[in-house]
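Biologist: Hello! Please take a close look at one part of this model for me, the inside of the chain, and tell me what you find there.

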Amino acid sequence: MNIAEIARLAGVSSAAVSRYFNNGYISEEKRARIKKVVEETGYRPSLQAQTLRTRKTKLVGLVLPKIDSAAAMGNVVAGVLATLNETGYHVLLADTQNDPGKELEYLTFFNEKQVDGVILVATVFTASHKKTLKEMAVPVVIVGQKLSGYHCVYHDDYHAIYDITRRLLERGRRNLGYVGVFHQDKAVGLERYCGYADAVKAWGLEALARRHVTAGFTMESGYEKAGELMERHGGLDGIVCATDSIAVGVMKYLKEKGIEIPGTVAVTGQGDSMLSQVVTPALTTIRYSYEESGRLAAVMLLEMLEKKKRGMKEIKLGYSLVERESTMAE
């Protein structure tokens with residue numbers, strides 16, 4: 001089968017069939033006839049031929065740090081796929097396993113292999129990252145971080161943690177501590193810490209801003225750093241955590257030490273993952289629109305690919321505070 005034969009069976013021109021496969025304009029009546037023949041014959045156009053003709057691969061590279069590190073990653077991917085699957089694009093997924101070097105390798109690989117565009121779920125921007133991004137010949141959309149000069153979809157990390165810290169203060173907790181991540185991660189590390197620090201300062205409790213430790217993105221690290229925080233600053237009545245995974249590790253430590261949650265120490269997380277709902281007591285956290293961020297990133301990329309929109313666009317998504325038993329003492 002070829003385009004000419006499809007055209008003959010559908011009773012249309014070869015040009016109409018070509019426009020059909022390239023998402024061009026044809027009447028609904030012709031589209032329906034071509035679709036019927038395609039479904040009956042099982043015809044699939046040659047990807048290589050399409051690429052040579054249109055100079056488009058219909059491929060999008062999706063680079064992310066670690067797909068199983070948090071439910072957030074899966075939700076972002078779901079949002080991207082739900083959008084691109086409807087448009088004939090295919091996604092090449094690159095899981096860097098939290099290796100910044102691999103991230104750079106994949107960006108270079110996708111650029112050299114001429115995918116049509118790249119969606120980068122970013123964590124850290126080093127000088128090498130910025131250099132590589134500047135050299136990209138294909139459009140790039142960044143998810144989860146804000147980087148000047150690039151299309152970005154990111155979250156209001158600062159105000160989210162500010163509000164959840166303020167909620168603890170409003171509930172009478174005056175001896176707080178914070179478990180965060182490295183500040184090279186601007187969103188989850190720096191922005192969330194600054195939100196916590198500014199919230200306690202606004203209540204006249206500047207000393208609490210210095211009560212913080214740096215963990216990894218795992219429950220095990222949260223467990224370990226909870227011990228470090230409690231040893232440094234005894235008598236805490238609340239612990240604010242940068243992620244749900246860290247918070248669950250903190251709760252495990254407190255339980256093993258016989259410290260009641262939230263009676264003695266209230267605990268909060270960020271992300272509203274499944275962990276936050278199944279842990280006991282259920283975890284107070286922040287819900288972000290991760291799937292929506294993936295969808296919007298895909299839409300943004302499509303606008304650049306299909307409509308040639310090049311003006312820089314930044315979208316900051318909101319959040320909602322989900323209060324559960326880990327902060328609600330009877």
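Modeller: Happy to: I will start with the chain as a whole, go through its interior, and end with a helix pair.

This is a predicted model, so local features need pLDDT of at least 70 and side-chain atom pairs count only at pLDDT 80 or more, while totals for chains, interfaces and linings use all residues. Residues are numbered from 1 along each chain as its sequence is written, and side-chain values use heavy atoms, with hydrogens and water left out.

The C-alpha trace spans about 80 × 40 × 30 Å along its principal axes. The chain has 13 helices and 12 strands (DSSP runs numbered from the N terminus: H or I of at least four residues for helices, E of at least two for strands). Of its 330 residues, 50% are buried (under 20% relative accessible area with a 1.4 Å probe and protein chains only; over 50% is exposed, in between is partly exposed). Among contacts (heavy atoms within 4.5 Å) with a separation of 6 or more, 69% join residues 24 or more positions apart.

Now the interior itself. The largest nonpolar core (buried Ala, Val, Leu, Ile, Met, Phe, Trp, Tyr and Cys residues joined through side-chain atoms within 4.5 Å) has 68 residues, and Ile119, Val179, Ile239, Val250, Leu254 and Val267 touch the most other members. Helix H13, residues 290–306, gives the most to this core, with nine residues. Take Ile239: apart from neighbours within four places in sequence, Ile239 is in contact with Gly177, Val179, Leu229, Met230, Val250, Val265, Ala266, Val267 and Thr268. There is also a second, separate core of 18 residues, and Phe110, Val115, Leu120 and Val138 are among its members.

A polar side chain is worth a stop too. Gln270 sits in the loop between strand E9 (266–268) and helix H12 (274–278), and with a relative accessible area of 4% Gln270 is buried. Its side chain makes a polar contact with the side chain of Tyr288, at 2.5 Å (N or O atoms within 3.5 Å, one able to donate a hydrogen and the other to accept it; residues adjacent in sequence count only if both atoms are side-chain atoms). Beyond four places in sequence, the contacts of Gln270 include Ala160, Ile161, Arg192, Cys241, Asp244 and Thr285.

That brings us to the cysteines. Cys241 is buried at 0% relative accessibility, and Cys152 is buried with a relative accessible area of 0%. The model has zero disulfides (cysteine sulfur atoms within 2.5 Å). For Cys152, the closest cysteine sulfur is in Cys194, 19 Å away, so this pair is too far for a bond. The sulfur of Cys241 is likewise too far for a bond, because its closest cysteine sulfur, in Cys194, is 17 Å away.

Finally, the helix pair. Helix H2 (residues 14–21) and helix H3 (residues 28–41) have axes that come within 10 Å and cross at roughly 80° (axes are lines fitted to C-alpha atoms over the stretch in contact, with angles from 0 to 180 degrees between N-to-C directions). H2 and H3 are therefore roughly perpendicular (65 to 115 degrees; under 35 is roughly parallel, over 145 roughly antiparallel, the rest oblique). Ala16, Val17, Tyr20 and Phe21 in H2 meet Arg31, Ile34, Lys35 and Val38 in H3. Val38 is buried at 9% relative accessibility, and, not counting residues up to four places away, Val38 touches Ile6, Tyr20, Phe21, Tyr43 and Arg44.
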